[in-house]
Amino acid sequence: MAELNELTKRLLSEGWRPEDTPPGTKEYFWFYGGWTYTSEALTALTFETPCSLLVKGSRFRNGDMAFQGIHWQPENDNPVVCCPRFDLDFCPMRHPMLWGNFYDSSSGSVRQCACHQTKRPYTYEGSLDEAHDRVWAESEELWKIFQAKHKGRVCKQHCRYDRTAKKWHAGYNPIECADSCGRACRYCPVLDKELDTRRGNVFFDVKETHIIKGDWLFPDKEVTTVRKGIKVLDRTAPLTLCEAIVRYAKHHVISSFMVNHHRELYFDKSLRYELINFRAQRQNTRDIMQDLADTAAGIEVVHQADAEKLEKEQKRARKQARIAQRVRALERLILTGDLDHLTYSQKKGLKKYLSEERTAELMAQRADAEAQVQTTLFV
């Protein structure tokens, strides 16, 4: 059984029973330590940090934290918030059980601080929201300096701000830019050029080599396959970004490919992948002469577009086979089944897969068959 929270202990001491629901609380539930605040009641409360920053109760509507055997929640008068003093490594006002509770994120070290209820009315001045806003306002001022230092050749979407060190760090991954900004941006400050209005994709080839183990008199055989025309992006992007991906982000593509195929590499130690021939094009083109040269060298050539087309055709054929099987089953049901006790699924299938004309034709066949049976019985 979960330990009772402080709110529940207080309400029980006032005479409330578990089958009651005091104003501003949800129904008693042992799993959550008894009664908990409703969303409306929590929104009406005000909390403050040990350094007297005001906090809206609505900030704690999305859950609480369990750490060091303590439930840090509004019902225990100790919910936690992210401390806005990211540059402060140690604060004696913070709860001792939270001194070692922190984690590093891309935006700096995050430390938790416990709050408690206060009767002070909430005001933005002197609040946690104002303190955090000051942190981001300072980041904006530092961004202007950082941007000037790099002569404008940086993009905030690709950079990150370390709130602990109070520093901006440059970064650039055109793959992310193609996914998120390719349809909105017209100018790239990192490349310092207008984006091409023509759209395309990035293609590459994969050279796969593995060894087929021999049997008895037959030696091991090394087999090489080249899969050509694999797309990097799920949708087209400006050719300017595609060219940037080829120039600056091939390592991201290679790393992602290896991670996605780590299982095959683990179980087959002879398997090797090599990603080659990165290119930015409006549409994939085939080098017939190179395909013939690879085939002559004993390399199996597979084009990704052909493989995807074959897979789609096979998927379509399997779907058509399933539909045909379903139709045959429904037709048998009409001819020989109990039509007075059809399930919902059967009724839906009849309406979806059989036309009214076909259903009428089958019903006529059923009636003729039943009439013949009757005639045979009375002859």
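A pocket here is an open set of points on a 1 Å grid where a 1.4 Å probe fits, with protein on both sides within 12 Å along at least five of seven lines. Keep that in mind for the two pocket stops below, and remember throughout that you're looking at a predicted model.

**Stop 1: the second largest pocket**

Select Leu53, Cys83, Pro84, Arg85 and Phe86, the residues nearest the centre of the second largest pocket. Its volume is about 370 Å³, and 23 residues line it. Now colour helix H3, residues 128-149: with five residues, H3 gives the most to this lining. Colour the lining by class and you get 15 nonpolar, seven charged and one polar residue.

**Stop 2: the largest pocket**

Next, pick Tyr32, Thr36, Asp64, Gln73 and Glu75, which sit closest to the centre of the largest pocket. The space in there comes to about 550 Å³, and the lining has 29 residues. Which elements give two or more residues to that lining? They're H1, helix H2 (39-44) and strand S4 (70-72). The class split is 10 nonpolar, 11 polar and eight charged.

**Stop 3: helix H1**

Since H1 has just come up, zoom in on residues 6-13. Show the side chains of Leu7, Thr8 and Leu11, the buried residues of this helix. Look down the axis: the three are on the same side of H1, because they cover an arc of only 95° around it. The general rule fits in one line: an α-helix has 3.6 residues a turn, so residues three or four places apart point the same way.

Now go to the N-terminal end and select asparagine 5, which caps H1. A side-chain oxygen of asparagine 5 lies 3.2 Å from the backbone nitrogen of leucine 7. Past the other end, click glycine 15, which follows H1 and has a positive phi near 105°.

**Stop 4: two lysines with positive phi**

Glycine 15 has a positive phi, but what about residues other than glycine? Select lysine 151, where phi is near 55°. You'll find lysine 151 in the loop between H3 and strand S9 (160-162). Is lysine 151 buried or exposed? Its relative accessible area is 74%, so it counts as exposed, the cut-off being over 50%.

Finish on lysine 166, in the loop between S9 and strand S10 (167-169). Lysine 166 has a positive phi too, about 55°, although it is not a glycine. Its relative accessibility is 33%, so lysine 166 is partly exposed.

Conventions:
Residues are numbered from 1 along each chain as its sequence is written. This is a predicted model: local features need pLDDT of at least 70, side-chain atom pairs count only at pLDDT 80 or more; totals for chains, interfaces and linings use all residues. Side-chain values use heavy atoms; hydrogens and water are left out. Helices (H or I, at least four residues) and strands (E, at least two) are DSSP runs, numbered from the N terminus. Buried means under 20% relative accessible area, exposed over 50%, partly exposed in between (1.4 Å probe, protein chains only). The arc is that of the directions from the helix axis to the C-beta atoms. A polar contact is a pair of N or O atoms within 3.5 Å; within protein, one must be able to donate a hydrogen and the other to accept it, and residues adjacent in sequence count only if both atoms are side-chain atoms. On a 1 Å grid over the protein atoms alone, a cavity is a set of points where a 1.4 Å probe fits but cannot get out, and a pocket is an open set with protein on both sides within 12 Å along at least five of seven lines; lining residues have an atom within 4 Å of a point. Grid points are joined across faces, edges and corners, and a volume is the space filled by probe spheres set on the points. Ala, Val, Leu, Ile, Met, Phe, Trp, Tyr, Cys and Pro count as nonpolar, Asp, Glu, Lys and Arg as charged, and the others, Gly among them, as polar.
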